[in-house]
Amino acid sequence: MIHGFGDIFRYNEEQYVFLASTDEIVYAARVLDPEKTALINQMNNRRAARHDASRTDGNSLYWYVVLTTNELEECAAHLKDTDQDASRDRFFEWIGKTLNENDITHLKEEILKEGCPIPKGLREIVQTLE
C-alpha cells in the first residue's frame with residue numbers, strides 16, 4: 001500500500017506523520033502530545049522575546065507545526081530527526097488517518113522555510129509535491 005504526505009502511523013508506541021520516503025530512508029515527523037507541545041511553544045515564545053532568536057533559529061527543537069486535525073488538536077508534528085532507516089517501515093502500524101489540508105499545507109511550508117534544519121533529501125522531495 002502506498003502512503004502519502006500527512007498519513008499517520010504508529011511506531012514504538014508513538015504516532016508519526018509520514019512525510020516522504022526513498023529506498024533507504026523514511027521521513028516522518030513525530031507527533032508530540034499536548035503537554036510537550038505546550039512546553040515547546042512556551043520555550044519558543046521565551047526565545048523569540050529575548051531578541052537573540054537568531055542564535056537558535058537552526059535548532060531543530062523549534063521546528064514544528066501545531067496540528068488542527070481532529071484527534072491531534074494541540075499536538076505538534078515535530079521536525080527533529082525526521083530521517084529513519086526504511087527497513088523499520090515493516091513495523092509501522094498505519095492507523096488509517098491523514099492530516100487535514102490545513103496541517104499538510106503548514107507542514108510543507110515549514111519544511112521549505114529557509115533555515116529549517118531537515119535533511120536535504122526531504123526538502124527536495126517536498127519541493128516536488130503538489
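**Group meeting: a walk through the fold and helix α1**

The protein chain has three helices and seven strands. What you are looking at is a predicted model. Starting from the N terminus, the order of elements is β-β-β-α-β-β-β-β-α-α. The chain has 130 residues, and 40% of them are buried. Among contacts with a separation of 6 or more, 60% are between residues 24 or more positions apart. The accessible surface is about 7900 Å², with 46% of that belonging to carbon and sulfur atoms.

Now the interior. The largest nonpolar core contains 23 residues. V17, L19, L79, L99, L107, I111 and L122 have the most contacts inside it. Two strands, β2 (14-21) and β3 (25-32), and two helices, α2 (101-112) and α3 (120-128), each supply at least two residues of this core. Apart from it there is another core, of seven residues, including F9, Y16, F18 and V26. As general background, nonpolar side chains in soluble globular proteins tend to be buried together.

Take V17 as an example from the larger set. Leaving out residues up to four places away in sequence, V17 touches G6, D7, I8, F9, Y27, A28, A29, V31, A77, L99 and L107.

Next, helix α1. This helix covers residues 34-49, which is 16 residues, and spans 22 Å from its first C-alpha to its last, close to the 22 Å expected. At its start, a side-chain oxygen of D33 comes to within 3.1 Å of the backbone nitrogen of E35.

Which residues of α1 are buried? They are T37, I40, N44 and R47. Viewed down the axis of α1, the buried residues fall within an arc of 90 degrees, so they line one face of the helix. The general background is that an α-helix has 3.6 residues a turn, so residues three or four places apart point the same way. On the face turned away from the buried side, α1 carries the exposed residues E35, N45 and A49. The cover over the buried residues of α1 includes β3, β4 (64-66) and β5 (76-78).

To finish, one residue of that helix, T37. Is T37 buried or exposed? T37 counts as buried because its relative accessibility is 3%, and the cut-off for buried is under 20%. Its neighbours, not counting residues up to four places away in sequence, are L32, V66, E74, C75 and A76, each of which T37 touches. With A76 there is also a polar contact: the side chain of T37 reaches the backbone nitrogen of A76 at 2.9 Å.

Terms used: Residues numbered from 1 in each chain as written. Predicted model: local features only at pLDDT ≥ 70, side-chain atom pairs only at ≥ 80, totals over all residues. Heavy atoms only, no water. Core = buried A, V, L, I, M, F, W, Y, C linked by side-chain atoms within 4.5 Å. Buried < 20%, exposed > 50% of the residue type's maximum accessible area, 1.4 Å probe, protein only. Helix = DSSP H or I, 4+ residues; strand = E, 2+ residues; numbered from the N terminus. Contact = heavy atoms within 4.5 Å. Expected span 1.5 Å × (residues − 1). Arc of directions from axis to C-beta. Polar contact = N/O pair within 3.5 Å; in protein donor to acceptor, adjacent residues only side chain to side chain. Areas by Shrake-Rupley, 256 points an atom, 1.4 Å probe, with all protein chains shown as cover.
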